[in-house]
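Reader: Could you walk me through this model, one feature at a time? I would like to learn how to read each of them.

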Amino acid sequence: MSDERPVRLHCFAHSADGVSVFDRWSASTGTGVEVVPVVLPGGAGRGTGPRPATHAGLLAQLLPRFTDPGPGPYVLYGHGLGAMIAFTLTRALHEAGLPGPALLAVASLAPPCAPLAAQVRAMSDAELLDVLGGHGTVPAASDEGIMLRAMLPVLRADLELAQALDEAALTPSAAGPLNTPVLVVASQDNPLAPAAVADGWRQWTQGPVRVRTVPGRHFFVRGARELPRLLGRACRVTRRLVPEPAPVG
């Protein structure tokens, strides 16, 4: 594999401010994988320009980056809202007739238009904090509790964008359904996207779908080595199965 271009693992964070969670992933994904965090405008100290708030606005920023993916296959990974962004991008590439990811990996998010997603958007701030904190397992005065409260405005903005992307997903695609393989990563203690709900991603592609469960709550992407190792293995399998950029069709 040393003579081959690494599989590019394009990573979408749970929020515009969260892309730093991928900074150290290269040490855990293993050989043959290039971790590429995708920075969207609106993140503190990261992107420039307005934060995307609509389906059209998001694609206007993202599609130009993937019209020429370069040699070899690539993989999209998204966590939380990032999972919905990665799915939306994959579908848009499919509709544009452009080469898409050889694998779409999504984590910590219910599939589009799942009843659970609507329930989360309707939660009060207190209810949302309780769920994100593991139903009272994170004390409000702890570092994590303080962090969660500080994130509320960002989380609310993310939920609005997620709703827009959910609604767009309901529009039938003239290009037909996806055939893209999907890897769904669920966590054991995540009430926002338990494994049983995550399995609903199967209805959004005709390609194979695999569900894997890892330890942790909603933000298990932070500091965990198991997740980048899992994705590194998936990328190497993808390299063997798909030597060139994959048509999304």
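Reader: Let me start with two aromatic residues: are Phe 87 and Trp 204 buried or exposed?

Author: Glad to help, and keep in mind that this is a predicted model. Both Phe 87 and Trp 204 are buried. Their ring centres lie 5.7 Å apart with the planes at 80 degrees, so this pair is edge-to-face. Phe 87 belongs to helix α3, while Trp 204 sits in the loop between α7 and β7, so the contact ties together parts that are 117 residues apart in sequence.

Reader: How many aromatic pairs does the structure hold?

Author: There are six aromatic pairs. Phe 87 and Trp 201 make one of them: the ring centres are 5.7 Å apart and the planes meet at 70 degrees, so this pair is edge-to-face. Here helix α3 (residues 81-96) provides Phe 87 and the loop between α7 (195-198) and β7 provides Trp 201, so parts 114 residues apart in sequence are tied together. Trp 201 is buried, as is Phe 87.

Reader: Which residues do ring pairs link into a cluster?

Author: That cluster consists of Phe 22, Trp 25 and Tyr 77.

Reader: Now the sheet, please. In what order do its strands come?

Author: First the general idea: strands of a sheet pair through backbone hydrogen bonds, and they do this either parallel or antiparallel. In this model, six strands form an open sheet with parallel pairing, in the order β2-β1-β3-β5-β6-β7. At the edges are β2 (33-37) and β7 (209-214), each of which pairs on one side only. From one strand to the next, the twist averages 20 degrees.

Reader: How many bridges join β6 to β7?

Author: Six bridges join them; β6 covers residues 182-187 and runs parallel to β7. To find your place along this pairing, look for Val 185, which stands opposite Arg 212 in β7.

Reader: And the cysteines: how many disulfides does the count come to?

Author: In general, a disulfide is a covalent bond between the sulfur atoms of two cysteines. Here the count is zero disulfides. Cys 11 is in none, and the nearest cysteine sulfur, in Cys 235, is 8.2 Å away.

Reader: Why is there no bond from Cys 235 to Cys 11?

Author: Because the sulfur of Cys 235 is 8.2 Å from that of Cys 11, its closest cysteine sulfur, and this is too far for a bond. As for their surroundings, Cys 11 counts as buried at 0% relative accessibility, and Cys 235 is buried with a relative accessible area of 0%.

Notes
Residues numbered from 1 in each chain as written. Predicted model: local features only at pLDDT ≥ 70, side-chain atom pairs only at ≥ 80, totals over all residues. Heavy atoms only, no water. Pairing = 2+ DSSP bridges. Helix = DSSP H or I, 4+ residues; strand = E, 2+ residues; numbered from the N terminus. Axes fitted to C-alpha atoms, helices over the stretch in contact; angles between N-to-C directions. Disulfide = S-S within 2.5 Å. Buried < 20%, exposed > 50% of the residue type's maximum accessible area, 1.4 Å probe, protein only. Phe/Tyr/Trp six-rings, centres within 6.5 Å; stacked < 30°, edge-to-face > 60°.
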